[in-house]
There are 2 protein chains.
Amino acid sequence: MSDRLTFTLHELVAELDAFADAALQAGWGVTFNHFQFLAVLYDHEPVDMTTLARCLGVTKAAVSKRVPALVGDGWITAASQPGQGRSIRLSLTEKGTALVRDAGEVLEREFAAMLTHPSLAGDPIDAPRLNAQLVALTAFIQQQPTAPQETLA
Amino acid sequence: MSDRLTFTLHELVAELDAFADAALQAGWGVTFNHFQFLAVLYDHEPVDMTTLARCLGVTKAAVSKRVPALVGDGWITAASQPGQGRSIRLSLTEKGTALVRDAGEVLEREFAAMLTHPSLAGDPIDAPRLNAQLVALTAFIQQQPTAPQETLA
DNA sequence: GACGGCGAGTCAACTTGTTGACTCACCGTG
DNA sequence: CACGGTGAGTCAACAAGTTGACTCGCCGTC
């Protein structure tokens, strides 16, 4: 383990994703990536491709390529809306909604249980406060000027 | 912003990476991915490909494919060691070491400055303590049984 | 009512990583 | 000394994203 917070954050996120992926594979036969797409859609539906891409942190081309398969497997619906240019309205099907609800609930519960596990009792984590701190930090980074000049290189 | 800690962590890491990438591109003309490879090597050199791959969280094939270009551009050296099977010993060149030292120092400083910025003074972040908490949490997740059964699906 | 612009989606080429099969160097054991 | 095993690296095929150029609806202006 590292003493550098940035490294620790990367490791933590990697472990979280690996754990979620294993749970999702075992319980529902889907990958974390698949779940994440549906979960973000769940929070924003109905939504067009470009907006969803921004929420997912990928390009619209990446979303565009995944949509046909997700529609074909009955997870989502895609409908072009007359009078709205080429905009396509994405929504979850009942199957997709059920996955996000069920799996999401289990994952939330697992994670909450980890945070309060006795083995971390030496210095317990105050999740709501931590979340608020990290949200503030994230927002602050976002509004940072793009980069420092190479003042010493 | 989300009220879910796992989402917040993903967003924070994405912002950190984007910030570091912009700073590295502006100051040294390299990507964050490139820097990360060298920085992890810096912490472990000399090291063989398989070990480095594990430290980077990628497969050994991915490392194997990147090495020739990195050697060609003078960032690292790769030497097969007689009497050690096919093991290849990777090390940083002087150029690679200088990049990690200089850019790493700047990034560390930038990040530390963010953590102590007045705009976060409402609920300041205790970095060493937070790091210790997250390290403990990461270790705990790592040793979790692979997955819960689909007890309610 | 044609013209130009804009925003949303799509496509082709490329990049980076994964998987599983393979090669090769060494090390035992018989 | 041959023989099988093991661990490290490599290769080919595939998967998922990015970029930049493109198409297509719509909307404004002349």
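## Two protein chains and two DNA strands

Helix H3 (49-56) and helix H4 (60-72) of chain A, along with helix H4 (60-72) of chain B, each give at least two residues to the surface near DNA strand C. Helices here (H or I, at least four residues) and strands (E, at least two) are DSSP runs, numbered from the N terminus. "Near" is used for a residue whose C-beta atom, placed from the backbone, lies within 6 Å of the molecule or strand.

Before going further, note that this is a predicted model: local features need pLDDT of at least 70, side-chain atom pairs count only at pLDDT 80 or more, and totals for chains, interfaces and linings use all residues. Residues are numbered from 1 along each chain as its sequence is written, while chains are lettered from A and ligands numbered from 1 in the order in which they are written.

### The DNA surfaces

For DNA strand D, the elements that each supply at least two residues are H4 of chain A together with helix H3 (49-56) and H4 of chain B. The table sets out both surfaces.

| DNA strand | Residues around the strand | Nearest residues | Classes |
|---|---|---|---|
| C | 20 residues | A:Met49, A:Ala61, A:Ser64, B:Thr59, B:Ala62 | 7 nonpolar, 8 polar, 5 charged |
| D | 20 residues | A:Val58, A:Thr59, B:Met49, B:Ala61, B:Ser64 | 7 nonpolar, 8 polar, 5 charged |

In these classes, Ala, Val, Leu, Ile, Met, Phe, Trp, Tyr, Cys and Pro count as nonpolar, Asp, Glu, Lys and Arg as charged, and the others, Gly among them, as polar.

### How the chains meet

In chain B, 50 residues are in contact with 50 residues of chain A (C-beta atoms, placed from the backbone, within 7 Å). Helix H1 (5-28), helix H5 (94-115) and helix H6 (127-142) of chain B each give two or more residues to this side, and H1(B) has the largest share, with 17 residues. By class, the side of chain B that touches chain A has 29 nonpolar, 13 polar and 8 charged residues.

A turn of 180° and a shift of 0.0 Å along the axis lay chain B on chain A with an RMSD of 0.0 Å (least squares on the C-alpha atoms of residues with pLDDT of at least 70 in both). That is the relation of a two-fold axis.

### Confidence

Chain A has a mean pLDDT of 89, and 93% of its residues reach 70 or more; pLDDT is the predictor's confidence in each residue, from 0 to 100. Over residues 147-153 of chain A, pLDDT stays under 50.

Terms used
Contact = placed C-beta atoms within 7 Å.
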